[in-house]
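Okay, thanks for coming, everyone. I've got a few spots to walk through today, so let me put the thing up on the screen.

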Amino acid sequence: MSPTATAEKSAGRAAVRLMALATSTLFLSTGCSTMNNGGLDYEPQRMSVSDAKDLVRERSSALFAVSGLPEASNGAPDASPCAGVDHGFLVRHFWSMYSPSSDDLKQAMDRLHTELPAKGWKVVRFEPAKSQAKQLQLDVEHEKDHHTATIELLLPSTSKNPSKWEKEYRDSLSVSLTSPCYVDPEYKVGD
């Protein structure tokens, strides 16, 4: 074998070892491998469940502040497994905002639509939902940490033939906030 071929073969082995070392370092630092990220188009960050829940509460509080509404339900964020990701989880927070008048709720929805972009949220959609009720729906994504929220204007009091559900519930802005997938080696289902 010529000295050039020997040098190229040795360089190739060094590159393979370097790639293996880089992959091992990534695996150890993130707690998961890039080969098992559940088909996500991003590598999940490492974060404890309690910190992820706190961040979701913070994002929910920011939405409530922008709405300017006087009252909200106090639902708690909940962690659930992130499919296909070792020790992966995401956090969801379902809650509602209320006001005495449907006009106040409509104004709050408009406020959220116009003011959230200045607070780091990108508006993904603002139109009637693709449902039979066609309630107004706002979908937003936080540009820094990629939390997503769906906010729906629910006005059961305005139904001409209210269902049992519509008779039982107040007019509201319904919020569904979801975090991206995180990784915590200590995460267990039920945390």
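Before we start, one cut-off: when I say buried, I mean under 20% relative accessible area, and partly exposed runs from there up to 50%. And keep in mind that this is a predicted model.

So, take S96, which sits in strand β4. Is S96 buried or exposed? Its relative accessibility comes out at 14%, so S96 counts as buried. And what does S96 touch, if we skip the neighbours within four places in sequence? On one side of the list you've got E71, A72 and S73, and then there's S172, L173 and S174.

Right, on to the helices. People usually describe two packed helices by the angle between their axes and the distance between those axes. Here, helix α2, residues 49-67, packs against helix α3, residues 102-115, at about 115 degrees, and the axes are 8 Å apart. The crossing of α2 over α3 is right-handed. Who's actually meeting whom? From α2 we have L63, V66 and S67, and from α3 they meet A108, R111, L112 and E115. By type, that contact splits into four nonpolar residues, one polar and two charged.

Let's stay on α3 for a moment. With 14 residues at 1.5 Å a residue, α3 should span 20 Å, and the C-alpha atoms at its ends are indeed 20 Å apart, so the two agree. Which residues of α3 are buried? They are L105, A108, M109 and L112. If you look down the axis of α3, those buried residues fall within an arc of 100 degrees, so they line one face of the helix. As for what covers them, the list includes α2, along with β4, β5, β6, β7 and β8. You'll recognise A108 and L112 from the contact with α2.

Last stop, a couple of backbone oddities. Most residues other than glycine have a negative phi. H87, though, has a positive phi, near 60 degrees. Where is it? H87 is in the loop between β3, 78-81, and β4, 88-98. At a relative accessible area of 39%, H87 is partly exposed.

Then there's H146, also not a glycine, with a positive phi of about 60 degrees. H146 is in a loop as well, the one between β6, 136-142, and β7, 148-154. Its relative accessible area is 42%, so H146 counts as partly exposed.

That's what I had; happy to rotate the view if anyone wants another look.

Conventions: Residues numbered from 1 in each chain as written. Predicted model: local features only at pLDDT ≥ 70, side-chain atom pairs only at ≥ 80, totals over all residues. Heavy atoms only, no water. Helix = DSSP H or I, 4+ residues; strand = E, 2+ residues; numbered from the N terminus. Buried < 20%, exposed > 50% of the residue type's maximum accessible area, 1.4 Å probe, protein only. Axes fitted to C-alpha atoms, helices over the stretch in contact; angles between N-to-C directions. Left-handed = near helix turned anticlockwise from the far one by under 90°. Contact = heavy atoms within 4.5 Å. Nonpolar A, V, L, I, M, F, W, Y, C, P; charged D, E, K, R; others polar. Expected span 1.5 Å × (residues − 1). Arc of directions from axis to C-beta.
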